[in-house]
Structures are given as C-alpha cells and as structure tokens.
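Look at the sequence and the 3D structure below. The text after them goes from one helix to a core and then to a sheet.

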Amino acid sequence: MRNTIFSSLLFSLLLIAIPSRAEDPFNLPLLNDGTSSIVSLESEYRLGRNWARILRGQAPMLEDPITYQYLEDLLWRLLPHSQVQDRRLELFLLANPSFNAFAVPGGVIGVHGGLILAAESEGELASVIAHELAHLSQRHFAQRLEEERRNRPLMLAGILAGILVAAADTEGGVAVMSSTMGASAQNQLAFSRRNEQEADRVGMQTLVSANFDPHTMPQMFSRLQRNYQFYGQRPPEFLLTHPVTESRIADSLNRASQLPDVREKSNSTEFSLIKARMDVQFAKSPVASLEHFRNSLSRNTSAYSRYGLMLAAIANQDFELAEQTRAQMPVELRQHPYVEYSRIEGLLQQENYTKALELTRQLLALYPDSRPVRSLNARVLRSNEQLSASLREYKSLARDYPNDTQIWFQLAETEGLAGNTLGVHEARIEYFMLTAQIDLALKQITYARRGKGLTASDIARLDQREQEARALRQEMKEQF
C-alpha cells in the first residue's frame, strides 16, 4: 500500500515538474523579476514545511535520537556563522545509505545517513551542511527558477519532486524510474556552476567562522569524485545535483587557501561514536557488523572501534560481549552519555526493565534537558508500566518538539495502553497531519467524536482540528 501511494504521488509530482504550457495552471508563485524573489521568505517557509509533511510520510526516517541530536547540534554550531536570514530550520535524518544532503526553501535541511558514512572527518561532514546552508542563504532555488522561466515555465514543485525521489529511494530503483520519465526533472535538480561556486565560497566562510578548516569542502568533493570515477559506479545523488568539475575543485582549493588558516582538529569523540552507530545501522547484517568491529578493534583501540563493537554485540543479542566491551573502555568513554544510552537500550532488549530504569534516572539527572535522554526515559517508564509518568514525559516532549512524528506515534501507543481513547485519536491526528495524511487525520477526528463522555472543551478542540486539517489540505492542493 505504501509503495502504491508513493508511486502515485511521485508520478503526479513529476507530471507537475514537466511544463505543459506557457502559463502555470497550478497557480504556483513564479519569479516575476530578475532577483531571487520567487516568493517572500514567509511563503517559502510555508511551502517548504508543507513539502516536509510529504517527506515525513513518504521517505524512511532514521529514528535514532542520538544521531539526530548530534547533527542538530552541528547544524546550530554552523548556523550563527552563516548568512541564512530565516533561521526557523528543521532537520531531517533519513534512513538512506546513499551520500546525499539537501536544503529546501523554507529552512528544511535533509541529511542521508550515508553522508555520515562517507565523511572521514567532522570537518567534511560540516562542509556539506555549510554548503547546503549557503544554497539557502543565497536563495539559489529562486535564482534557478528565474533562469529557467526565461525559456519555459517551471514550478518549484518540480524541484521538490526530484528531491523527494532521491530521499525516498534507498535502493536506487526510483532514480532509474525517474530518469525514464524525462531528463528534464533531473536537470531541474542541478544547480548552475555559478551557484555551486558561490555556495562553495559562502560555505567555506561559514566553516572558517565556525572554526572548521575550509579545505575540508574541496577535499571531500574531490575524494568522492575520484572514488566514483575509479570504481565506475553511478555517482551519488549529491554529485548529480551538485555537479563537481576539476575546475570547480581547483577554484575551491584556491579560495580555501586565501581564507584564514584553521588547523583541522582531531575528530570529536561524538563524531567517532556517531560514525560507529551509522556503520552498525547500515551494515549488511549484524554478523558482518560484528566481524568488522572485531577486526577494527584488533588494529586499534579507538572510541570508534570500542563503541562499534559494543553496538554490534547488542545487535547480535550478545549482551555478555557488549558488557565486556563496555567494561574495558577507558572511564571517560564508558561514562559518555552515548555509551550509557546504548547500554540502557541493550537492557531494554534483555527486558531488564528495573535496571534500565535505575540507569535512566541517573542519566536524566545529569542531562535533564536532553531530548534523546527524555525520550529514552519515556520508553523505560512505559516498559516498567509506569504509564502516567510515561505519558507526562511524552506530552512534555510533544510540547517542546511538536514536529517530531516519532513522539506523537509513541504517545498514541502509550495512551492506548493507558486506556485513554480520546488521547489515542488526538495523538494520531497530529501524526497524520505531520505526514500529509490529511484524510486519515479527518477520520481520526470522526472516530474521536463518537467517544463517550466528551466535554464541551473536547468537542471544541476537535472542531478546531477539523478546520485546520481542511485548510491544510486545501493549501497543499494549491501548492502541489
């Protein structure tokens, strides 16, 4: 059913992406001057966030609170040093092993898990994010649409369709399908050479200001280009949508050499641990992951190798090995919140809920504002059948992070265990609204109204959600 919905949506968006006549029959805003003012920043924001709803509903998200928090911290480390005006950003982490990242007008930043796999240093990872921030700050999407409009009508939905294709495709099949439906859709994704050089220049300035080595950007692009040319593979989506040439690499190296000298620091412990998490996440099998990290640990005793072996052991249900590996870590690494978090996850898999609760309380006392730790606390409380406390934590998280679909999903599950039927429906309404499943949200509203004992406040709240759902459906219909 999911594949059918995706294919239908993909086909519709690609049809939108291919111009059919000189005027825009969908009434989408187009550039009307030679500047980057396709729409106001506020209109871009609404368009981007509504597209994000489609992304949530169609592309597999990597539900890893630790990795997400690490990337969000890195993004916010870079953002104050960028030229982005509207800083209402939203980060997406996709369960996609391909090397890609994207930025959508309206402040939507997407990172594929494969980007972390490809990066050999924290600076390289930061360089790609800084590059995407530069595309946003310079409003290159709007500039590109204006250039295309001089020759044929083009709508922003076409660009967004192509990004959605790459984001939702984890096996390469959709990319082939999209190419057979017309090369024009691929062309719409590629930035111009001028745009890329500008994004390199602005992105490197962001890196330097944030105390990263600007050379990491051309180094990463150059290495990726050489690797894929050497092995004769199909280039990753990032190189297709951000064309890399020898002259561009040479130009970026020259620019980097003229910027202040920022020595590349050794990778942070956090980067090494997140790299290990992704290697376990995208391994061919748990057994292959275990073998990889056994070999890695035999060569060196880095944080990457130790933590990776611990994670691989948990993935293989070898909890004795996992605990032995953790016990042999240096004290500083053993006490790292990522390691403690993973230890608790292992205890949950063993159904040792009492010990998991004890350790979670200790971790929460140290990091009371940590989103991953709070989410873990809610899970552990629920496992210990402390449903009221779990609900309080999930509701608090939902207030603080209202766009997190996983929180709403887990809240609905917990409300169900607690027997709160109305709470289940209301959490599902939020979940479906956030994933562009408006009809399902409206059905949940209908089901909720059938419940017994509704108060006037409950009814008014459901009426308000229905109005919002119908208004959102109409708005998205006009935009897409």
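Of the 13 residues of helix H19, 11 are buried (under 20% relative accessible area with a 1.4 Å probe, protein chains only; exposed is over 50%, partly exposed in between), so H19 is largely enclosed by the rest of the structure. Helices (H or I, at least four residues) and strands (E, at least two) are DSSP runs, numbered from the N terminus. This is a predicted model, in which local features need pLDDT of at least 70 and side-chain atom pairs count only at pLDDT 80 or more, while totals for chains, interfaces and linings use all residues. Residues are numbered from 1 along each chain as its sequence is written, and side-chain values use heavy atoms, without hydrogens and water.

The buried residues of H19 include Tyr338, Val339 and Ser342. These three are also among the contacts (heavy atoms within 4.5 Å) of Tyr307, leaving aside its neighbours within four places in sequence.

Tyr307 belongs to the largest nonpolar core, a set of buried Ala, Val, Leu, Ile, Met, Phe, Trp, Tyr and Cys residues joined through side-chain atoms within 4.5 Å. Of its 78 residues, Leu125, Leu133 and Tyr307 touch the most other members. Helix H16 (residues 303-315) gives the most to this core, with 8 residues. Apart from it lies another core of 30 residues, Phe102 being one of them.

An open sheet of 3 strands has the order S1-S3-S2, with mixed pairing (two strands pair if DSSP finds at least two bridges between them). Strands S1 (90-94) and S2 (101-104) are at the edges with a single partner strand each, so one side of each has no neighbour in the sheet. S2 and S3 (residues 108-112) run antiparallel, joined by 4 bridges. Phe102 stands opposite Gly110 in S3.
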